[in-house]
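Trainee: Can we go through this one together? I would like to begin with the salt bridges.
Mentor: Fine, here it is.

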Amino acid sequence: VRKVNYWFLFLLTNSDGSDETLYCSFLDKNQMYLASIYTDGGEEVKTKTQVKCSYVLVGAGDVIKFALKPRGGAAVRLVPVTEKEAKAYKKYNGESF
């Protein structure tokens, strides 16, 4: 029995990097989720950790694409949002993270 209504997912790669996809079909079909996506940003991200943070809305029909850097990865937190909360974010449009 699932006691929480959010998800954490992690993607890891080796020294070659890789293109990966996350199928969201496990999510509730009539619910919109906020995907908080944390990826290796490299030198373009001017913070000490070089972690890029992205926030997009996804649903059960979405497939999120990732272009993982060598020796990198990604973390994704999926939390259900109300229609009112969703207005503050953009819908995922197929870009790679």
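Mentor: First the rule: a salt bridge here is a side-chain nitrogen of Lys or Arg within 4 Å of a carboxyl oxygen of Asp or Glu. Keep in mind that this is a predicted model.

Trainee: OK, how many salt bridges does that rule give?
Mentor: The count comes to two salt bridges. D62 is paired with K91, and their closest N and O atoms are 2.6 Å apart. That pair links distant parts of the chain, 29 residues apart. D62 lies in the loop between strand 4 and strand 5 (63-68), and K91 in the segment after helix 1 (83-86).

Trainee: And which residues make the other one?
Mentor: K90 and E95, with 3.7 Å between the closest N and O atoms.

Trainee: Is D62 buried or exposed?
Mentor: D62 is buried, because its relative accessible area is 14% and the cut-off for buried is under 20%. Its partner K91 counts as partly exposed at 41%.

Trainee: What about K90 and E95, how accessible are they?
Mentor: K90 has 47% relative accessibility, so it counts as partly exposed. E95 is at 23% and also counts as partly exposed.

Trainee: Switching to the sheet. What is the strand order?
Mentor: The order is 1-6-3-4, in an open sheet of four strands with antiparallel pairing. Strand 1 and strand 4 (51-58) are the edge strands, each pairing on one side only. On average, neighbouring strands of this sheet are turned by 20° against each other, direction ignored.

Trainee: How many bridges join strand 3 to strand 4?
Mentor: Eight, with strand 3 covering residues 32-40 and the two strands running antiparallel. As for the register, Y33 stands opposite V58 in strand 4.

Trainee: Where does S36 sit, and what does S36 touch?
Mentor: S36 is in strand 3. Leaving out residues up to four places away in sequence, S36 touches S54, Y55, A75, V76 and R77. S36 has a relative accessible area of 7%, so it is buried.

Trainee: Last topic, the surface. Which residues form the nonpolar patch?
Mentor: V4, Y6, F8 and F10 form it, and together they have about 410 Å² of accessible area.

Trainee: Which strand holds F8?
Mentor: F8 is found in strand 1, residues 7-12, and strand 1 is one of the edge strands.

Trainee: Why does F8 count as partly exposed?
Mentor: Because its relative accessibility is 46%, and partly exposed is the range between the 20% and 50% cut-offs.

Technical notes
Residues are numbered from 1 along each chain as its sequence is written. This is a predicted model: local features need pLDDT of at least 70, side-chain atom pairs count only at pLDDT 80 or more; totals for chains, interfaces and linings use all residues. Side-chain values use heavy atoms; hydrogens and water are left out. Patches are made of residues with over 30% relative accessible area and no salt bridge: like charges are joined within 9 Å, nonpolar side chains (Val, Leu, Ile, Met, Phe, Trp, Tyr) within 5 Å. Accessible areas come from the Shrake-Rupley method with a 1.4 Å probe; for residues, only the protein chains shown count as cover. Buried means under 20% relative accessible area, exposed over 50%, partly exposed in between (1.4 Å probe, protein chains only). Two strands pair if DSSP finds at least two bridges between them. Axes are lines fitted to C-alpha atoms, for helices over the stretch in contact, and angles run from 0 to 180 degrees between N-to-C directions. Contact means heavy atoms within 4.5 Å.
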